[in-house]
Amino acid sequence: MALTLAAYSVLVAVLPQAWAWRAMFWLGVLPALLVLALRRGIADPTADQRRREKASPTEIFRPGLLRVTVFGALLGLGSHGGYYALTTFLPTYLHTTRHLSVMGSSGHLAVFIAGSFLGYLASGWLSDRIGRRRNVVLFALCCLVTLVPYLLLPLGDLGTLIAGAPLGFFSAGIPGGLGALFAELYPTRVRGAGQGFCYNLGRIVSAAFPALVGYLSGRLGLAASIALFAGLAYALAAIAATCLPETRDRELPHDPAPVAYPERTAKLPR
C-alpha cells in the first residue's frame, strides 16, 4: 500500500490526470510478474505427497465442519467488506468531502497506511496473547468506534489526519489475524480448502460493499454511506467471530473427524 501511494503521488505530479490512473493500472501488472518469478523457485509436491494429501474440498461442508465454515466465511465477509467499503472510497472522501488536494490526500493516506502496518503487527502479537477470537472482536469493535469521528464529525484537516492513524490500525488488524484463526479451525486434510474458502469467499462477496457505497452515496452522502456499510460489515465480523471456537494453544487436529471441537469450545469465556 505504501509503494502504491508513493507511485500514485509521483505519477499524479508528472503526468496529466487522464494518464496518471492509466499508468497506475498498468503498474498493477508488476506484482503478477513477481508471483510468476517466485513460482519458478517452488517445487511441486511428489506424486506420493499428492496421494497422501488428497481430500475432497466438499469435506468442509460436512456436519462436523459446516458450522466453522459458515461462520468463518461470514467473518471473512465482514472483515473484507468493512475494509473495502472504507478504503475504496477513502481518497474520494478526502478529496470531495474534506476538500483536500491530491497531495494533501496523499499525506492523510500515508498516515492511514502507517497505522495499518502497525495494526498488522499488533494483531499478530495480540492474537497470541488474548486469543484469536477475542483479538478479532476487539479490533472489529474498535473499528466501529473510530469510524464515526473520522467520517461524520467536523474534525478539520489536522483532526482528520490524526484520526486516520487509529482507523487504519484497527481496520488492518482484523485481516491480520484471520490467517492463524482460519488455519487452526480445520484438520490437515482440508486445511487449505477451508482456509481458502473462508478467506476468499469473503473477498469475492465483499466486492458488493463498495458498489453499495457508490450507489447510495448520492442519497445519503459519501461519508454516511461509507460509515453505514463499513459499520455493518465490522458488526458482522464481530458477531461471526464470537460464534467460532477459540483455537489458541490448541493442538492442530490431523484427523478430519469433528471430535476435536466440542470440549474446548465449551470452556470458552463469555
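His 99 counts as exposed, because its relative accessibility of 65% lies above the 50% cut-off. In this predicted model, His 99 sits in the loop between α6 and α7. Its backbone is also noteworthy: His 99 is not a glycine, yet its phi is positive, at about 60 degrees. Most residues other than glycine have a negative phi.

From this loop one may turn to the chain as a whole. The protein chain contains 13 helices and zero strands, so that the order of elements from the N terminus on is simply α repeated, α-α-α-α-α-α-α-α-α-α-α-α-α. Of the 270 residues, 40% are buried. The chain exposes about 14,500 Å², and carbon and sulfur atoms supply 69% of that area. Among contacts with a separation of 6 or more, 78% link residues that are 24 or more positions apart.

Helix α8 offers a useful route into the interior. This helix covers residues 132–152, and the distance from the first C-alpha to the last of its 21 residues is 31 Å, close to the 30 Å expected at 1.5 Å a residue. At Thr 146 the helix α8 bends by about 25 degrees, and Pro 149 follows within four residues. Thr 146 is itself one of the buried residues of α8, which also include Val 136, Val 137, Phe 139, Ala 140, Cys 143, Leu 147, Tyr 150 and Leu 151. The cover over the buried residues of α8 includes α5 (63–87), α6 (90–97), α7 (102–130), α9 (156–184) and α12 (222–242).

Arg 132 is found in α8 as well. Is this arginine buried or exposed? Arg 132 is buried, because its relative accessible area of 8% falls under the 20% cut-off. Its side chain forms a polar contact of 3.1 Å with the side chain of Ser 127. Beyond residues up to four places away in sequence, Arg 132 touches Ser 127, Ala 180, Leu 181, Glu 184, Glu 246, Thr 247 and Arg 248. Asp 249, which is 117 residues from Arg 132 along the chain, has its C-alpha atom 9.9 Å from that of Arg 132. Asp 249 lies in the loop between α12 and α13 (262–266) and is exposed, with a relative accessible area of 67%.

One of the helices covering α8 is α9, and its geometry can be examined in the same manner. The 29 residues of α9 should span 42 Å at 1.5 Å a residue, and the 44 Å between its end C-alpha atoms agrees with this. At Leu 178, α9 bends by about 35 degrees.

Leu 178 leads on to Leu 75. Leaving aside neighbours within four places in sequence, Leu 75 is in contact with Leu 178, and also with Val 136, Leu 181, Phe 182, Ala 237, Ala 240, Ala 241 and Leu 244. Leu 75 belongs to the largest nonpolar core, which has 52 residues; Leu 75, Tyr 93, Tyr 150, Leu 151, Tyr 186 and Ile 226 are those with the most contacts inside it. At least two residues of this core come from each of α5, α6, α7, α8, α9, α11 and α12. Helix α12 supplies the largest share, 12 residues.

Phe 209 shows how residues distant in sequence are brought into contact. Its place is in helix α11 (residues 208–220), and Phe 209 counts as buried because its relative accessibility is 13%. Apart from neighbours within four places in sequence, Phe 209 is in contact with Leu 77, Gly 81, Ala 85, Phe 229 and Ala 233. Phe 209 and Gly 82 are 127 residues apart in sequence, while 7.7 Å separates their C-alpha atoms in space.

A final residue, Glu 59, is found outside the helices, in the loop between α4 (47–53) and α5. Glu 59 is nevertheless buried, because its relative accessible area is 16%. A polar contact of 3.1 Å joins the side chain of Glu 59 to that of Arg 189.

Terms used. Residues are numbered from 1 along each chain as its sequence is written. This is a predicted model: local features need pLDDT of at least 70, side-chain atom pairs count only at pLDDT 80 or more; totals for chains, interfaces and linings use all residues. Side-chain values use heavy atoms; hydrogens and water are left out. Buried means under 20% relative accessible area, exposed over 50%, partly exposed in between (1.4 Å probe, protein chains only). Contact means heavy atoms within 4.5 Å. Accessible areas come from the Shrake-Rupley method with a 1.4 Å probe; for residues, only the protein chains shown count as cover. The expected span of a helix is 1.5 Å times one less than its number of residues. The bend at a residue is the angle between axes fitted to the seven residues ending there and the seven starting there. A polar contact is a pair of N or O atoms within 3.5 Å; within protein, one must be able to donate a hydrogen and the other to accept it, and residues adjacent in sequence count only if both atoms are side-chain atoms. A nonpolar core is a set of buried Ala, Val, Leu, Ile, Met, Phe, Trp, Tyr and Cys residues joined through side-chain atoms within 4.5 Å.
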